[in-house]
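Me: I'd like to learn how to read a protein structure, one feature at a time. Can we go through this one together?

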Amino acid sequence: MKNLKFLFLTVFVFTLHSCKKEFNFDDTLVRQTSIQSKFTGSQYPIYIVLPKNYSVNKKYETLYVLDGDDELDGQLVYKQIGLMCQNSSSKYSKENVIIVAISSLGQDERFRDLAPVPSVVQPIGQGGGSENYAKFLELEVKPYIEKNFSVDTTSKGRVICGHSLGGTMTGYMFTKHPDVFSNYLTLSPAFWWGDGVMLKYEEEARAKNSSNELITFVGYGEFEEGIRIYAEEWIYRLKSYYPNCQLETNLVKKKGHISSAKENISKSIDFYYSKK
Amino acid sequence: MKCVIFIALLIPMKNIFAQDSTSNYLSKNNQVLEFKLGLGKLQPQLVAFDFNYQRNILKHISTLAFSQIDVSAWDRNAKKNALVINHLHFLQTVGIGSTIGRKRFNTGLFLLGGGRIYHTHTIVEGLHSPNLYTTKFLPELGLLLNLKIGKRKYYFSTQLYFPLTPFGNSIIEKNPTLTFGVGYKLTSKK
C-alpha cells in the first residue's frame, strides 16, 4: 500500500509538468502581403501575425522583425516569435502584439539593405543602403500597417527586432531614426561593419537621443568574439549615457553566432513583455 | 613566391629514394619523429607547426601521435574602432592508419581523434574595453595524409591534415593545413 502511494505521488508530480500551458502556432492568424519599395527598388513579402481574438476596438503594439521569414532550427522565424509572444503574453497577462515580419530577399539585397556603409572587408563593396531601407520601414511599411490594422501609432508602441545585420539595422534606426521605434531588440549585432561605423553614429546622435525613454535588449554568444566586443561597448554606452533606457543584456555561454540566436530571441521577447 | 618554393622542393624529389626498403619501413620496429612547418586555410597568415610520432604496430598499420600549433600574425596597427582577431590553436590527436606505396614514395593515411584548444585575442582600439580573450576546447576528428621521401635516417615529409569536425554549421570554421618538413627514423633494421 505504501509503495502504491509512492508510485501515485511520483506519477502525479511528473504529470504536473505537462499542465503548463503550451501553444501551437495557428496559421489562420497570418496575413501575407508584399510591398514594392520606391526607396530600395525591391518588393518585400511581409507576414503579419495577428493576436488571437484580434479586435479593431483595441490598439495593439507592433513588433517589426527583420529577416522575418528566415529559418531557425527548421522553423520559420516569425512562427517561432509568434509562439514566444503568445507565451509571454500569457505569462505576464499582457495584451499580445501584432508581428510584422519582413523578408530579407537574397544575400546581396540583404547586405545592401541592412549594412550602413559599403564594406571594406569581405564582402568588399557590399552594403550602404540602410538609409533607403529605413525610409522603406518608416514611410512604406509603417503607414501600410497603420492603415490596415488597429495599432498603437506612437513610437512607444513599436518594437524592432533584428539579428546579425538585422541587429546592425536596429542600431541604425536607434541612431538615425530614433522617432520611429522606442523599443529595440538587438541580437548579435554586426557592429564591426564599416570599422565600427555604428559607434560613430551613436556618438553623433547621443546629445539628441540620450534623454529618450527606451526599452532595449542586447544579446550575443560567448564565442562570436568579433560581435561580442562591439556589443559590450554598445551596452557600456547605453548604461553610461542613456539614463532613461531600460536595458537587459544576455551572453549565451558556449554558443556562437547562430547557436545563440534562439535563446536571445526568446529572452528579448520575454523582457519586452515584462516591461511594456 | 610560394609557387617557386614548392617547385624547388619538387625538383630534387625525382632523384631521392624512399626509405631504404619498403619491407624495412613496414617493419614492426619502425618509429619516426617529424617536425614540419606550413600554412593553414583559416587566414592567409595562419602558420602551422606540426610534430608527429609514428610507430608501426603491424606490417601495414601504424599508430600516430600528431600535435599542431597554429598562430596568426600579430597586428597591432589597427585603425580606431577596426576589428583585429589573433588566433592561437593547439591540437593534440592520436590515431591509426595504413602505410601504402612502394619504392620512391611512402604514403600514410591516418584517422585521428583528440581535441583542440582555441585561444583568440580580439582587439578594437578606442573602445572602453579594447581587448577580449576567449578560450574554448572542442573535441576533434580528422584525416591526415602523410608523404615521406628520403634516405635512411633523415627524410623529407609533407602532410595534409583535414579536420572532419565540427560537422555542419558551427561556431568554428574547419582549418585544413599543409605542412612541409623533415623526419628522423628512430630505428632502422636491414
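Me: Let's start with a pocket. Which element of chain A gives the most to the lining of the second largest pocket?

Reply: First, keep in mind that this is a predicted model. To read a pocket, ask who lines it and which elements those residues sit in. Here strand 7 of chain A gives the most, with three residues. Strand 3, strand 4, helix 2 and helix 8 (261-275) of chain A also supply at least two residues each, as does strand 7 (158-163).

Me: How much space lies in that second largest pocket, and which residues are closest to its centre?

Reply: The second largest pocket holds about 300 Å³ of space. It has 18 lining residues, and the closest to the centre are A:Asp67, A:Asp70, A:Leu72, A:Val77 and A:His163. Sorted by class, the lining has ten nonpolar, four polar and four charged residues.

Me: A:Asp67 caught my eye. Which residue forms a salt bridge with A:Asp67?

Reply: For a salt bridge, look for the two partners and then for where each one sits. A:Asp67 pairs with A:Arg110, and their closest N and O atoms are 2.9 Å apart. This pair links distant parts of the chain, with the two positions 43 residues apart: A:Arg110 belongs to helix 3 (residues 107-114) of chain A, while A:Asp67 is in the loop between strand 3 (62-66) and strand 4 (71-72) of chain A.

Me: How many salt bridges does the structure hold over all chains?

Reply: Counting over all chains, there are 19.

Me: Now for cavities. How many of 30 Å³ or more does a search of the whole structure find?

Reply: The search finds three. Read each one as you would a pocket: volume, then lining, then class. The largest cavity has about 70 Å³ of space. Among its 13 lining residues, A:Val49, A:Leu50, A:Gly82, A:Gln86 and A:Asn96 are the closest to the centre. Helix 2 (residues 77-92) of chain A gives the most to this lining, with three residues. The classes come out as eight nonpolar, three polar and two charged.

Me: And what is the volume of the second largest cavity, and which residues line it?

Reply: Its volume is about 50 Å³. The lining is made of A:Thr170, A:Gly171, A:Phe174, A:Tyr184, A:Thr186, A:Thr216, A:Trp234 and A:Leu238. Helix 5 (165-176), strand 8 (183-187) and helix 7 (225-241) of chain A are the elements that give two or more of these residues. Helix 5 of chain A has the largest share, three residues. As for class, the second largest cavity has four nonpolar and four polar lining residues, with no charged ones.

Me: Last topic: where two chains meet. How is the size of an interface often given?

Reply: People often quote the accessible area lost when the parts come together. For chain B and chain A, the buried area is about 1,500 Å², and carbon and sulfur atoms give 65% of that. In terms of residues, the contact takes 20 from chain B and 18 from chain A.

Me: How many salt bridges and polar contacts are found between chain B and chain A?

Reply: The rule finds one salt bridge across this interface. The side chains of B:Lys136 and A:Glu225 form a salt bridge at 3.0 Å, N to O. There are also six residue pairs in polar contact between the two chains. On the side of chain B that touches chain A, strand 4 (83-100), strand 5 (106-124) and strand 6 (131-150) of chain B are the elements that give two or more residues. Strand 6 of chain B provides the largest share, five residues. That side of chain B divides into nine nonpolar, eight polar and three charged residues.

Key:
Residues numbered from 1 in each chain as written. Chains lettered and ligands numbered in written order. Predicted model: local features only at pLDDT ≥ 70, side-chain atom pairs only at ≥ 80, totals over all residues. Heavy atoms only, no water. Contact = heavy atoms within 4.5 Å. Buried area = accessible area lost by both parts, 1.4 Å probe. Salt bridge = Lys/Arg side-chain N within 4 Å of Asp/Glu carboxyl O. Polar contact = N/O pair within 3.5 Å; in protein donor to acceptor, adjacent residues only side chain to side chain. Helix = DSSP H or I, 4+ residues; strand = E, 2+ residues; numbered from the N terminus. Nonpolar A, V, L, I, M, F, W, Y, C, P; charged D, E, K, R; others polar. 1 Å grid on protein atoms, 1.4 Å probe; cavity = no way out; pocket = protein on both sides within 12 Å on 5 of 7 lines; lining within 4 Å. Points joined across faces, edges and corners; volume = space filled by probe spheres on them.
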